[in-house]
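Subject: Handing over a structure

Dear colleague,

I am passing this structure on to you, and below it I have set out what was found, in the hope that this helps you as you look through it for the first time.

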Amino acid sequence: MRAEAEQRASVAAEALTWVGTPYHQLADVKGAGVDCSMLLVRVFVDTGVLPPFDPRPYPPDWHLHRSDERYVAWTQRFGRPFDPAERMPQAGDVVLARFGRCFSHGAVMTGRFELVHAYARDGRCTMGDLRQQPFLDRPLIFYSLWG
């Protein structure tokens, strides 16, 4: 297993290669289409940090009509939650944001506040900042795959 710093750098670098990919529900093809959950899958699986898995299918509006914490369950399979007041997020960490009735949007941290996410409202995979919308003032959960 590669050292943690190398894995984190690899995850952040891979996430950045997805920037500009159009948003498309359930897709996972760089340059053609991706949604926020499949972005996380592709980044962590394609860098070899996680074994292959596929959370599909899931309905596009599941977060509006149900309280099932699907995203939390997927993330908890591999990561452990942490409190950002105790440890700042690092490259390679994951942040989930509450949209609708549950945590339904995810992003890969590429730095202390910087992240990459596939956001339907932007219509593409983009870089973002935790201190700005759509993350500002939303409930967030942070996860790390490393101790």
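Is F82 buried or exposed? Please bear in mind throughout that this is a predicted model. F82 has a relative accessible area of 15%, and because the limit for calling a residue buried is under 20%, F82 counts as buried.

F82 also takes part in an aromatic pair, and the count of such pairs comes to three. The ring centres of F82 and F142 are 5.7 Å apart and their planes stand at 45 degrees, so this pair is classed as tilted. The pair links distant parts of the chain, since F82 belongs to strand β3 (residues 80-82) and F142 to strand β8 (residues 140-144), 60 residues apart. The partner, F142, is likewise counted as buried, with a relative accessibility of 6%.

Next comes the interior space. The count gives one cavity of 30 Å³ or more, and the largest cavity holds about 180 Å³ of space. Its lining is made up of 14 residues, and those nearest its centre are L40, F53, W74, T75 and F78. Helices α2 (36-46) and α4 (70-76) each supply at least two residues of this lining, with the largest share, four residues, coming from α2. By character, the lining of the largest cavity divides into 11 nonpolar residues, three polar ones and no charged ones.

A charged residue that you may wish to look at is D129, which is found in strand β7 (residues 124-129). D129 counts as buried, at 14% relative accessibility, and its side chain reaches the backbone nitrogen of R131 at 2.7 Å. Apart from neighbours within four places in sequence, D129 is in contact with F113, L115 and F135.

Finally, there are some points about the backbone. Most residues other than glycine have a negative phi, and most peptide bonds are trans. The peptide bond from Q133 to P134, however, is cis, with omega near 5 degrees, and P134 lies in the loop between β7 and β8. That loop also contains D137, whose phi is positive, near 70 degrees, although D137 is not a glycine; D137 is exposed, with a relative accessible area of 71%. A positive phi of about 75 degrees is likewise found at L26, which is not a glycine either. L26 sits in the loop between α1 (4-17) and β1 (28-29) and is partly exposed, with a relative accessible area of 30%.

With best wishes

Terms used
Residues numbered from 1 in each chain as written. Predicted model: local features only at pLDDT ≥ 70, side-chain atom pairs only at ≥ 80, totals over all residues. Heavy atoms only, no water. 1 Å grid on protein atoms, 1.4 Å probe; cavity = no way out; pocket = protein on both sides within 12 Å on 5 of 7 lines; lining within 4 Å. Points joined across faces, edges and corners; volume = space filled by probe spheres on them. Nonpolar A, V, L, I, M, F, W, Y, C, P; charged D, E, K, R; others polar. Buried < 20%, exposed > 50% of the residue type's maximum accessible area, 1.4 Å probe, protein only. Polar contact = N/O pair within 3.5 Å; in protein donor to acceptor, adjacent residues only side chain to side chain. Contact = heavy atoms within 4.5 Å. Phe/Tyr/Trp six-rings, centres within 6.5 Å; stacked < 30°, edge-to-face > 60°.
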